[in-house]
Amino acid sequence: MVVEQQRPRPATREVLCTHCEKAIEIPATAMSVSCRHCHRRVIIEDLEIKTYHAVVRVATAGRVAVQKKGTLVADVRVNELALEGNLKGNVIALGGVAVGKKASLEGDVCCRRLSVEPGAKLRGHYRVDPGFLPERVIATDSADDETA
């Protein structure tokens, strides 16, 4: 009689797709996956901004950290945001936003937790709700899908 050895189940974690906002279970070490609901690529890796970085959108199911000398000009959709530098753009964080004492944040923010150290500069509208789940956000590339 042959006895099969059971392999330990790999560690997993649950994240929300940055496109369709549905929960997906992924391996704990994954850097990116394909959403099983909308079939779009979901970036999981953490990002660190150390210098000036301007793009239309930053989206990750991981963490974004903007360092003291870093400046990010973009709409941001993340799991967690740690801001020590400057950010100009709207933020949707599925988890929390931490703003350091010398940081500057200009834009609207929706998140579950907000931590602001004295001395930080904030400008915009803020929605902090522990039960926050983002509404479906239409992707900026939706205009490309239209035909003339």
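Strands are what you'll be looking at here: this predicted model has 17 of them and zero helices. The protein runs to 148 residues, and 36% of those count as buried. On the outside, about 9900 Å² is exposed, with carbon and sulfur atoms supplying 49% of that area. As for how the chain meets itself, take the contacts between residues at least 6 apart in sequence: 12% of them join residues at least 24 apart.

Now head inside. The largest nonpolar core is made of 20 residues, and Leu87, Val91 and Val97 have the most contacts within it. Several strands chip in at least two residues each, namely β7 (63-66), β8 (71-78), β9 (80-83), β11 (91-93), β12 (96-99) and β14 (109-111). The biggest giver is β8, with four residues. To get a feel for this core, pick out Val91: setting aside neighbours within four places in sequence, Val91 touches Val76, Leu81, Val97, Leu105, Asp108, Val109 and Cys110. There's also a second, separate core, this one of eleven residues, including Val15, Cys17, Ile24 and Cys35.

One more stop is Thr60, which sits in the loop between β6 (52-59) and β7. Is Thr60 buried or exposed? It counts as buried, because its relative accessibility is 1%, and the cut-off for buried is under 20%. Its side chain has company too: a polar atom there lies 3.1 Å from the backbone oxygen of Ile43, and the side chain also reaches the backbone nitrogen of Gly62 at 3.1 Å. Beyond its neighbours within four places in sequence, Thr60 is in contact with Thr18, Ile43, Ile44, Glu45, Leu47, Arg77, Val78 and Asn79.

Technical notes: Residues are numbered from 1 along each chain as its sequence is written. This is a predicted model: local features need pLDDT of at least 70, side-chain atom pairs count only at pLDDT 80 or more; totals for chains, interfaces and linings use all residues. Side-chain values use heavy atoms; hydrogens and water are left out. A nonpolar core is a set of buried Ala, Val, Leu, Ile, Met, Phe, Trp, Tyr and Cys residues joined through side-chain atoms within 4.5 Å. Buried means under 20% relative accessible area, exposed over 50%, partly exposed in between (1.4 Å probe, protein chains only). Contact means heavy atoms within 4.5 Å. Accessible areas come from the Shrake-Rupley method with a 1.4 Å probe; for residues, only the protein chains shown count as cover. A polar contact is a pair of N or O atoms within 3.5 Å; within protein, one must be able to donate a hydrogen and the other to accept it, and residues adjacent in sequence count only if both atoms are side-chain atoms.
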